Amino acid sequence: MSTAPQQTDAPGLRRTLRFRDLVLYGIILIQPTAPMPVFGVIYNEARGHVVTAILLAMVAMLFTSISYGRMARAYPQGGSAFLYVGKEIHPSLGYITGWCLVMDYVLNPLICTIWCSRAVMNFLHGVPYFALAIFFAVFFSLLNCNGIETSARINAGMAAALGLVIVLVLIAAVRWLLHLEHPTASFFLTPFYDPATFNTSGLLRGTSIAVLTYIGFDGISTLTDEAKDPARSVPRAIVLTCFITGVLASIEVYVAQLVWPRGLAFPDLDTAYVHVSGRMGGPILFLIVNSSLLLANIGSGMASQLGAARLLYAMGQDGALPGRFFVALSPKSRIPRNNVILIGAICLIGALVFSYQLGTELLNYGALLAFMGVNLASILRGVRTGLRTQWFPMLLSAGGLITCALLWYGLGPLAKLAGTGWALAGILLYVVRRRQTVLPGAA
């Protein structure tokens with residue numbers, strides 16, 4: 001006798017992640033010290049109103065996080081902005097959204113290269129910047145080509161170490177403030193609003209840059225396949241992660257503004273927070289903060305470069321990019337070496353040409369466009385579901401769309417020009433690849 005083979009379900013991802021696991025993942029992804037590297041740039045553009053810029057950016061990100069949560073509930077199989085936009089609006093717009101996110105992936109290792117080079121110059125004053133930029137671009141590429149990755153344990157350990165650094169900074173700031181003689185109430189309120197330096201356009205520009213502090217919260221939406229009760233836990237985790245990041249970032253920059261004398265120039269704008277920590281805690285805290293942020297940016301630069309290489313590999317497999325170059329793998333490490341080297345070359349050229357500020361603004365260009373797309377997708381889903389029951393979520397999504405559009409408008413003209421050029425290149429590539437696909441079948 002023969003028996004029919006038993007049918008078994010296809011293996012899938014295990015749903016083991018709890019709500020707190022998702023929140024912890026989001027915080028690790030963003031990094032608890034996120035506002036420290038970009039503090040000086042925001043301070044300069046916002047005329048000293050860093051706390052206000054961080055809080056205003058949090059409002060826009062909270063609206064957007066709610067939209068992400070709604071879309072993650074609608075598409076629990078996991079996804080990102082390009083999936084939500086492609087499903088709810090149009091596949092072509094989904095492709096453009098994904099293309100703008102590719103720019104973010106490429107720019108993240110670029111700005112890490114710039115910041116790491118600046119941080120090392122705080123230790124080695126005689127080494128020229130271009131030599132350090134070459135070193136870090138080559139260093140990231142060599143490690144990634146050889147298949148050396150940062151593990152989840154290392155990332156979690158780094159996040160814990162950075163949390164300890166924040167505690168040390170706050171203790172040093174409190175000790176410094178306790179030694180002040182008769183501070184006035186206005187002294188503690190000036191970081192929020194200083195009538196002598198306040199400028200609306202400057203605050204908008206600073207807020208547009210402050211969005212970098214929150215980049216990464218949307219990564220939680222990719223874990224819906226592994227989350228317990230994803231319809232409830234994923235949306236709540238996205239919103240809570242964004243809120244915790246905003247509160248923690250506001251505290252970090254608030255104490256820095258209190259410690260640093262108003263109107264005094266920073267020795268180096270890109271590593272301004274390191275110099276603030278040195279003022280509040282002396283050479284030891286200067287060393288701790290500079291070293292910790294340097295290691296964090298090295299880890300982030302390596303991981304984001306490899307992530308970008310894998311994204312280009314996936315696009316090559318899908319036919320969006322030429323497969324002969326982008327799908328090639330190293331026989332030994334099984335790493336898309338061509339992509340790693342290409343991104344390393346972009347990082348090197350960009351680090352020698354771009355400023356850290358321009359890099360951050362370009363990164364935010366792509367992120368804000370993606371956020372606008374998600375908010376719009378959430379609105380359109382509400383329209384299809386029913387206006388009577390969905391009017392309030394749609395109103396929140398509209399708030400996210402408007403605030404993100406304002407922040408996008410507040411980016412610098414050079415960043416908008418370069419970002420638009422990247423978007424147009426993606427549109428051209430999309431049209432060319434579609435014609436190559438359609439024309440042979442039509443013959």
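**Exercise 1.** Is the crossing of helix 1 and helix 10 left-handed or right-handed?

*Solution.* The model is a predicted one, in which local features need pLDDT of at least 70 and side-chain atom pairs count only at pLDDT 80 or more, while totals for chains, interfaces and linings use all residues. Residues are numbered from 1 along each chain as its sequence is written, and side-chain values use heavy atoms, with hydrogens and water left out. Helices are DSSP runs of H or I with at least four residues, numbered from the N terminus.

Begin with the axes, which are lines fitted to C-alpha atoms over the stretch in contact, with angles running from 0 to 180 degrees between N-to-C directions. Those of helix 1 (residues 19–30) and helix 10 (residues 230–259) come within 9 Å and cross at roughly 40 degrees. Helix 1 is therefore oblique to helix 10, given that angles under 35 degrees count as roughly parallel, over 145 as roughly antiparallel, 65 to 115 as roughly perpendicular and the rest as oblique. The crossing is right-handed, the term for a near helix turned clockwise from the far one by less than a right angle, left-handed being anticlockwise.

**Exercise 2.** Determine how helix 5 (91–121) and helix 14 (residues 356–385) are arranged.

*Solution.* The two helices pack at an angle of about 155 degrees, with their axes 8 Å apart, so helix 5 is roughly antiparallel to helix 14. The crossing of helix 5 and helix 14 is left-handed. Among the residues that make the contact (heavy atoms within 4.5 Å) are Leu101, Asp104 and Trp115 of helix 5 and Tyr356, Gly359 and Leu363 of helix 14.

**Exercise 3.** Compare the expected and actual span of helix 6 (residues 129–145), then describe its buried residues.

*Solution.* The expected span is 1.5 Å times one less than the number of residues, so the 17 residues of helix 6 should span 24 Å, which agrees with end C-alpha atoms that are 24 Å apart. Its buried residues (under 20% relative accessible area, against over 50% for exposed and in between for partly exposed, with a 1.4 Å probe and protein chains only) include Tyr129, Phe136, Phe140 and Cys145. The buried residues of helix 6 pack against helix 5, helix 11 (272–317) and helix 13 (337–353). Just after helix 6, Gly147 takes a positive phi of about 75 degrees.

**Exercise 4.** Characterise the surroundings of Asn338 in helix 13.

*Solution.* Asn338 has a relative accessible area of 27% and is therefore partly exposed. Leaving aside neighbours within four places in sequence, Asn338 is in contact with Phe325 and Ala328.
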